[in-house]
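Biologist: I am new to this structure and would like a close look at a single part of it, taken slowly. Could you begin with one helix and then walk outward to whatever lies around it?

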Amino acid sequence: MQWHMPIGYKVVDGKITICEEQRKIVEQIFTDYDSGVAAGRIAQNLKGRKICNAKGKVSWTHASIGRILENPSYLGTEYYPQLIGEELFERVQRRREKVRAELGRADHRSGRDG
């Protein structure tokens with residue numbers, strides 16, 4: 001099984017810590033989305049600014065932004081320090097559910113009908 005660390009974190013002396021440069025990117029993704037910017041637009045903006053993702057590539061999609069926005073590790077876990085406040089994270093989750101419902105995707109997360 002391949003594992004990669006979410007953007008915003010790095011390992012220092014065997015411990016996962018916050019990468020301050022990437023923290024700003026993650027925070028911007030959350031605040032932009034919370035402000036009404038679509039995930040696809042956020043991805044375009046990051047690509048336009050030549051910002052690298054967690055794998056060190058300038059490769060962003062609405063799906064990769066969505067995975068960041070829905071990653072509970074950013075709230076802090078046994079392994080990951082908290083990077084995003086709970087209030088902002090919850091607002092973003094509510095907006096994502098609202099957008100899914102508006103696009104008719106609310107019940108289609110696990111696959112296609114048919």
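Modeller: What follows is a walk that starts at helix H1 and moves on to the loops, a pocket and the cysteines. Please keep in mind that this is a predicted model, and that each value below is computed from it.

Helix H1 runs over residues 20-34, and its 15 residues, at 1.5 Å a residue, should span 21 Å; because the C-alpha atoms at its ends are 21 Å apart, the expected span and the modelled one agree. Within H1, the buried residues are Ile-25, Val-26, Ile-29, Phe-30, Asp-32 and Tyr-33. As for what lies over these buried residues, the cover includes helix H2 (39-48), helix H3 (62-69) and H4.

Just beyond the end of H1 comes Gly-36, which takes a positive phi of about 105 degrees. This glycine sits in the loop between H1 and H2, and it counts as partly exposed because its relative accessible area is 42%, a value between the 20% and 50% cut-offs. Although Gly-36 and Val-92 are 56 residues apart along the chain, their C-alpha atoms are separated by 9.7 Å.

One of the helices that cover H1 deserves a look of its own, namely H4, which comprises residues 86-102 and holds Gln-93. The relative accessible area of Gln-93 is 18%, and because buried means under 20%, Gln-93 is buried. Leaving aside residues up to four places away in sequence, Gln-93 touches Leu-69 and Glu-70.

The next stretch to follow is the loop between H2 and H3, where Lys-50 is found. Lys-50 has a positive phi, near 60 degrees, in a residue other than glycine, and with a relative accessible area of 62% this lysine is exposed. Thr-61 also has its place in the loop between H2 and H3, but Thr-61 is partly exposed, at a relative accessible area of 39%. Between Thr-61 and Ala-43 there are 5.3 Å in space, C-alpha to C-alpha, while in sequence the two are 18 residues apart.

A positive phi is also found at Asp-13, where the value is about 55 degrees although the residue is not a glycine. Asp-13 belongs to the loop between strand S1 (9-12) and strand S2 (15-18), and because its relative accessibility is 80%, it counts as exposed.

There is also a pocket to consider, the second largest, with a volume of about 340 Å³. Its lining is made up of 14 residues, and those that lie nearest its centre are His-4, Ala-54, Ser-64, Arg-67 and Ile-68. Sorted by class, the residues lining this second largest pocket are seven nonpolar, five polar and two charged.

Finally, a word on the cysteines. A disulfide is a covalent bond between the sulfur atoms of two cysteines. With sulfur atoms required to lie within 2.5 Å of each other, the count of disulfides in this model comes to zero. As for their surroundings, Cys-19 is buried, with a relative accessible area of 15%, whereas Cys-52 is partly exposed, with a relative accessible area of 35%.

Note on methods: Residues numbered from 1 in each chain as written. Predicted model: local features only at pLDDT ≥ 70, side-chain atom pairs only at ≥ 80, totals over all residues. Heavy atoms only, no water. Helix = DSSP H or I, 4+ residues; strand = E, 2+ residues; numbered from the N terminus. Buried < 20%, exposed > 50% of the residue type's maximum accessible area, 1.4 Å probe, protein only. Contact = heavy atoms within 4.5 Å. Expected span 1.5 Å × (residues − 1). 1 Å grid on protein atoms, 1.4 Å probe; cavity = no way out; pocket = protein on both sides within 12 Å on 5 of 7 lines; lining within 4 Å. Points joined across faces, edges and corners; volume = space filled by probe spheres on them. Nonpolar A, V, L, I, M, F, W, Y, C, P; charged D, E, K, R; others polar.
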